[in-house]
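Hi,

Here is the model I promised to pass on. Have a look at it first, and then read my notes underneath.

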Amino acid sequence: MKVTGIIAEYNPFHNGHLYHIQSAKAQTKADYVVVVMSGNFTQRGIPAILSKYERAKHALLSGADLVLELPMPYAISSAEYFALGSVNLLHKLGVVDTLCFGMEKTDLEMLETLIPIIADEPILYQNTLKAKLAKGVSYPKAQQEALQAYDSHLDVSILNSPNNRLALEYLKALRFFHSDMKPCPVLRIGKGYNDTGLSKEGLKSYSSATAIRSHISSLDLNLSESGKGELIQVLKEHVPSFVWSDLQNLLYTNEYILPKDLDLILHFKLLQQSIDSLQSYLDISEDIANKIINALPYYSGFDAFCERLKSKDLTYTRISRLLLHILLDLKKSDLELLKSLDYIPYGRILGFRKDATLLLHQIKENSTLPLISKLADAHKILSKDAFMILEKEISASHIYEALLSHKSKSAVKNEFTRQIIIL
């Protein structure tokens, strides 16, 4: 039995994601595909545009056999911890042979030459990195310059692409956990990861998730019904048909979340903070805490606040992530607790296919993790500390569902009553 693992957000699921799953299955000759997916909040520091249950269903309809939720502390953390959590979850299942991920340039050999330097941090690399960061250089740029200083022959331009940088973190995580999973890159096609314009390539367009979200954000303007309908119709060629049938209904009924939907609730949470309290949250230093408090009188919304706090050494994405840490009550102590629990203390099932019974049986036989299929039973199978982490996840989901309920004028869906997706 061959099993391939994929790490994803599917925010939202589009044609490129379908291509990736199909290519991963073809390249690895996999019998089954396991997807580890971010929940209701994502690594960019924004809420997922559709709920995790909708996105899990789309993954299953695309050919995935099992979808597991990446615990929230990793889903909204740096690329390093996002990769550590995701890879560790797949590794602990005990059945995954290959890890398949997209890259803009599938040069694994070059990335693998960088791993020992980044993982072992020789003195020259370490000192250069610290010096660059002290001068206000952003971490990605400082890392590239430190690698170049250590070895001028290295082609660090491969790290200019976001998927390649994430691939580097996956390789580093495989090394860190001494995993037997083999890396398998798939060449990314279509628009770039950060492109904001929809592709115009004909009937099957490969637009980025960023571009699709950007287009959907225009639906929140005061448009006529016909104007809104025209904007929604444009998306049809950019997503698979099974996503389109759901997406158009969810967009018409306002069952989607954008970053600006956090405006009021985030402001409320920030007004409760002090410089001391802010420093307890993950990734927030005293300097950042001071910046937040000083800028708070000028708060006018999530996006505008990120722009106000942004600087040479603080990227927009890092700021949006740390604001989510505050909103979702993610503390530095939570990450330390996860490390003490060997990074991933459980696997939570979001959905699976009925014909994947052999896969589920093999996971049950080989996994070193308890799998949660019914949330109400979680406290019986998890340790006290592991359940504390799960409670953070539940709280985050309830915040998301409350926002969704307010926007769509529908009843709030309780996380304990949600059913996993079975197809």
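Below is what I found, going from the overall fold to the salt bridges.

Some ground rules first: this is a predicted model, where local features need pLDDT of at least 70 and side-chain atom pairs count only at pLDDT 80 or more, while totals for chains, interfaces and linings use all residues. Residues are numbered from 1 along each chain as its sequence is written, and side-chain values use heavy atoms, with hydrogens and water left out.

On the whole fold: the protein has 20 helices and eight strands (DSSP runs numbered from the N terminus, H or I of at least four residues for helices, E of at least two for strands). The C-alpha trace spans about 55 × 55 × 50 Å along its principal axes. The radius of gyration is 21 Å, which agrees with the value near 22 Å for a compact globule of 423 residues (taken over C-alpha atoms; the globule rule is 2.2 Å times the number of residues to the power 0.38). Of the 423 residues, 54% count as buried (under 20% relative accessible area, with exposed over 50% and partly exposed in between, using a 1.4 Å probe and protein chains only).

Now the salt bridges, 21 in total (a side-chain nitrogen of Lys or Arg within 4 Å of a carboxyl oxygen of Asp or Glu).

Arg 348 pairs with Glu 69, with the closest N and O atoms 3.5 Å apart. Arg 348 lies in strand β6 (residues 347-352) and Glu 69 in strand β3 (residues 66-70), so this bridge ties together parts that are 279 residues apart in sequence. Arg 348 is buried at 6% relative accessibility, and Glu 69 is buried too, at 2%.

Lys 172 and Glu 169 make a local pair, at 3.2 Å between the closest N and O atoms. They sit three residues apart in helix α8 (residues 162-176), and are therefore separated by about one helical turn. Both Lys 172 and Glu 169 are buried.

Then there is Lys 392 with Asp 329, whose closest N and O atoms are 3.4 Å apart. This pair links distant parts of the chain, 63 residues apart: Lys 392 is in helix α20 (residues 384-408), and Asp 329 is in the loop between α16 (316-327) and α17 (332-340). Lys 392 counts as buried at 16% relative accessibility, whereas Asp 329 is partly exposed at 30%.

One more thing to look at: salt bridges with shared partners join Lys 52, Glu 69, Arg 348 and Glu 415 into one network.

Cheers
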